[in-house]
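This report describes selected features of the structure shown below. It proceeds from strand pairing to the helices, the loops and the chain contact.

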Amino acid sequence: MLTSGPVVVMQVPEILNGKEVQGFMQELGPLLECNRPRVVLDCSQVRSIDSAGVEALLECLEEALKRDGDLKLASLSPEANVMLELMRVARVFETFEGCDEAVRSFNFIPVESVPEEPAWFTPLPGELGALKQAS
Amino acid sequence: MPKAIVILQSEGGTIAGAPARPTSSSGQTVRGSMARLEILGDSMMHRVTSQLRRAGIETCAILADSSQSSPNREVCEPEVTFSPDVWSDVSEHLTRSTESGNEAALIMRLGPYVEFDAADLLQFRSDQDQVVVRAFSDQNPLDIWAVDATRISEIIDGGNLYGILSGEQTTRYLVSGYINRLEYPRDLRRLAADGLNGKCEVRPIGFEVRPGVWMAEGVQIEKEARIVAPAYIGENVTISRQCLITRGSNIERDSIVDYGTVIEDTSVLQNSYVGIGLDVSHSIVDGGKLLNLRHGVALQIDDAAVMRRNNELRSEERNWWYGFSGEELIQVAAEDRRS
């Protein structure tokens, strides 16, 4: 049986640049180390993010996906939106208007995990079986 | 020869000596004019003064509030006079104009870009025998006046010139030509797009290498770079491999767009470097400043690999956004978003 931890919501700092990235990664790192990490990053306070910050977000996403989890972005500030679009990574992340919506998205059951219904018929041997299947 | 006095100041700010405008965002902030920015190869300031010259009107003064000046600016823009009291200077120029025998004078505030027949306006004032005639667009007043320099000097007599010019009894001259208020950054984009699409008299400076694509001298377009009309590539610009310039974008002189970057519906102002593999859309780029018009956000990008000034500015060159300081830019972006 597959298990996963709770969905963790973490605030991204106002400034996520070369200097701040290290501290951010130290805080986020342990959250990604569990099996199937589920993380929502609240980006509402982001005022400045540079290429180092974007790279850090990508690394975190990669780490989460490696462990069969996911990392999503929520409440993107206009500044964060602009930088992600500028660096062509906006579509890499799943983004949501609000944290609640992002958290709820983790509870949706993915299609592939729904078990197939058993066949309504039992195959009969021989030509009669083939005829019944064809009908 | 009639004289023209040009005041560089955009709407929403105040000029010392003039009353605060209702649309002013901050009565204490004097907002610069985008008319000094080069768009499609030349600034509105130069275009307007050239047009006036062709109409037989000599520009005797280009004035700006001294709060917009810096030691750099006064060296680099010798044609602009910075003054703590612009309207006093206007009065002085009118007086001098009278002393040299010129009766007719044109006063215009160049924040908005207005296409009109200046000679016709002066003639209209003369025919109407009015001291002041003000240009209007529909019911909206424009800060363009034709004045009788002799008579107005007598009326001013130490009083408030701006108040006299803005009086309700002023005779109106209707302007039906193209107007761009150049109040917000998106107006700048609109001007560039309108110029490229032939909707105004602003013409790209350069050669139309194929329909809708203009290039100035010294342009380098590397292999596999695509320029999709309408677009303007300015003097000494380099467009690197695999770039795409599209949707009415203009890349002003001395700029570089590096490998694989897409520039869409964007103005890249002069002397800017845009880094590798970026997607710049609906924006204005000036060195390390990025103004995204869709999100209404102004960002200072400190990452030189992403965006920066292309060439190091010499000490005497300007080092802040024409007409807007860094703080004003953010303020204007926020106002634009709210509007």
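## A central pair of strands

In this predicted model, B:Ala105 has B:Val147 of strand 9 of chain B as its bridge partner. This pair belongs to the antiparallel pairing of strand 6 of chain B with strand 9 of chain B, which extends over five bridges. Strand 6 of chain B also pairs with strand 1 of chain B, here in the parallel sense and again over five bridges. Within that parallel pairing, B:Leu106 in strand 6 of chain B is the bridge partner of B:Ala4.

How many of the six residues of strand 6 of chain B are buried? Six of the six are, and the strand is accordingly described as mostly covered. The cover extends to both faces: B:Ala104, B:Leu106 and B:Met108 are buried on one side, and B:Ala105, B:Ile107 and B:Arg109 are buried on the other. In a regular strand, side chains alternate between the two faces of the sheet.

## The seven-stranded sheet

These pairings form part of an open sheet of seven strands in chain B, with the order 5-4-1-6-9-8-10 and mixed pairing. Its edge strands are strand 5 (80–83) and strand 10 (171–174) of chain B, each of which pairs on one side only. From one strand to the next, the twist averages 30°.

Towards the strand 5 edge, strand 1 of chain B is joined to strand 4 of chain B by six bridges, and the two run parallel. B:Ile7 stands opposite B:Leu63 of strand 4 of chain B. Strand 4 of chain B pairs in turn with strand 5 of chain B, in the parallel sense over four bridges, and B:Ala64 stands opposite B:Phe82 of strand 5 of chain B. At the other edge, four bridges join strand 8 (residues 132–137) of chain B to strand 10 of chain B, and these strands run parallel. There, B:Phe136 has B:Leu174 of strand 10 of chain B as its bridge partner.

## Helices packed on the sheet

Helix 3 (residues 86–99) of chain B packs on the sheet and touches strand 1 (3–8), strand 4 (58–65), strand 5, strand 6 (104–109) and strand 9 (140–148) of chain B. The direction of helix 3 makes about 165° with that of strand 4 of chain B. Helix 4 (residues 118–128) of chain B also packs on the sheet, touching strand 6, strand 8, strand 9 and strand 10 of chain B. The direction of helix 4 makes about 130° with that of strand 8 of chain B.

Helix 3 of chain B has 14 residues and reaches 20 Å from its first C-alpha to its last, close to the 20 Å expected at 1.5 Å a residue. Which residues of helix 3 of chain B are buried? They are B:Val86, B:Trp87, B:Val90, B:Ser91, B:His93, B:Leu94 and B:Ser97. Because these residues cover an arc of only 160° around the axis, they lie on the same side of helix 3 of chain B. An α-helix has 3.6 residues a turn, so residues three or four places apart point the same way. Helix 3 of chain B is followed by B:Gly101, which has a positive phi near 90°.

## Backbone features in loops

Two residues that are not glycines have a positive phi of about 65°: B:Glu224 and B:Gln242. B:Glu224 lies in the loop between strand 14 (220–221) and strand 15 of chain B, whereas B:Gln242 is found in the loop between strand 17 (238–239) and strand 18 (244–246) of chain B. B:Glu224 is exposed, with 12 other C-beta atoms within 10 Å; B:Gln242 is partly exposed, with 17 other C-beta atoms within 10 Å.

A cis peptide bond, with omega about -5°, joins B:Ala229 and B:Pro230. B:Pro230 is located in the loop between strand 15 (226–227) and strand 16 (231–233) of chain B.

## The contact between chains

The contact takes 10 residues from chain A and 13 residues from chain B. On the side of chain B that touches chain A, strand 23 (279–286) and strand 25 (297–300) of chain B each supply at least two residues. The residues on that side of chain B divide into six nonpolar, four polar and three charged.

Technical notes
Residues are numbered from 1 along each chain as its sequence is written. Chains are lettered from A and ligands numbered from 1 in the order in which they are written. This is a predicted model: local features need pLDDT of at least 70, side-chain atom pairs count only at pLDDT 80 or more; totals for chains, interfaces and linings use all residues. Two strands pair if DSSP finds at least two bridges between them. Axes are lines fitted to C-alpha atoms, for helices over the stretch in contact, and angles run from 0 to 180 degrees between N-to-C directions. Two residues are in contact if their C-beta atoms, placed from the backbone, lie within 7 Å. Ala, Val, Leu, Ile, Met, Phe, Trp, Tyr, Cys and Pro count as nonpolar, Asp, Glu, Lys and Arg as charged, and the others, Gly among them, as polar. A residue is buried if 20 or more other C-beta atoms lie within 10 Å of its own, exposed if 12 or fewer, and partly exposed in between; C-beta atoms are placed from the backbone. The expected span of a helix is 1.5 Å times one less than its number of residues. The arc is that of the directions from the helix axis to the C-beta atoms.
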